[in-house]
Amino acid sequence: MNWLDWYNSLAKPSWTPAPATIGLIWQILYPVIIVTFGFVFVQAARRKVPWLVALPFAINLVANLIFTPIQFGMRNLSLASVDILVVWVTIIWMMVAIWRHYRWVAVAQVPYFVWVSLATVLQLSITAMNWGK
């Protein structure tokens, strides 16, 4: 069974966005993520911000990138739930860490935070609805 058939076979809340909508939202968010994360990493490399400020951005990037292989490759809903919680927590940490240095970077994370908040509730709901399957 391919990943889409598997995903479609899962019990999901009635408010679950269509996969195409989810993809579109990520297509909008990824450019913001690339620009802001890249900016922070460059500023850390130039020693304009401490590397500890860049740490939550690095953790978030890794957690974000491994979500899809965990969810759709391994088809591990529980581990994907833990992963998305890491993504969510690190967004808050990123915004707090960068605020005093570059407020625009923190503000630029708001749409990402809103989307991941929704996605976290969705992931936790799907995991609970399919527990033991």
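Student: Which element gives the largest share of the lining of the largest pocket?

Tutor: This is a predicted model in which local features need pLDDT of at least 70 and side-chain atom pairs count only at pLDDT 80 or more, while totals for chains, interfaces and linings use all residues. Residues are numbered from 1 along each chain as its sequence is written, and side-chain values use heavy atoms, with hydrogens and water left out. A pocket here is an open set of points on a 1 Å grid over the protein atoms alone, where a 1.4 Å probe fits, with protein on both sides within 12 Å along at least five of seven lines, and lining residues have an atom within 4 Å of a point. With helices taken as DSSP runs (H or I, at least four residues), the largest share, 6 residues, comes from α6.

Student: Which residues lie nearest the centre of the largest pocket?

Tutor: The lining divides into 15 nonpolar, 5 polar and 1 charged (Asp, Glu, Lys and Arg count as charged, Ala, Val, Leu, Ile, Met, Phe, Trp, Tyr, Cys and Pro as nonpolar, the others as polar). Of the 21 lining residues, those nearest the centre are I22, W26, F67, T68 and F72.

Student: Where does α3 bend by about 30°?

Tutor: α3 has 23 residues, and buried ones (under 20% relative accessible area, 1.4 Å probe, protein chains only) include N64 and F67. The bend is the angle between axes fitted to the seven residues ending at a residue and the seven starting there. A proline, P69, follows within four residues of the bend, which lies at I66.

Key:
Helices (H or I, at least four residues) and strands (E, at least two) are DSSP runs, numbered from the N terminus. The expected span of a helix is 1.5 Å times one less than its number of residues. Buried means under 20% relative accessible area, exposed over 50%, partly exposed in between (1.4 Å probe, protein chains only).
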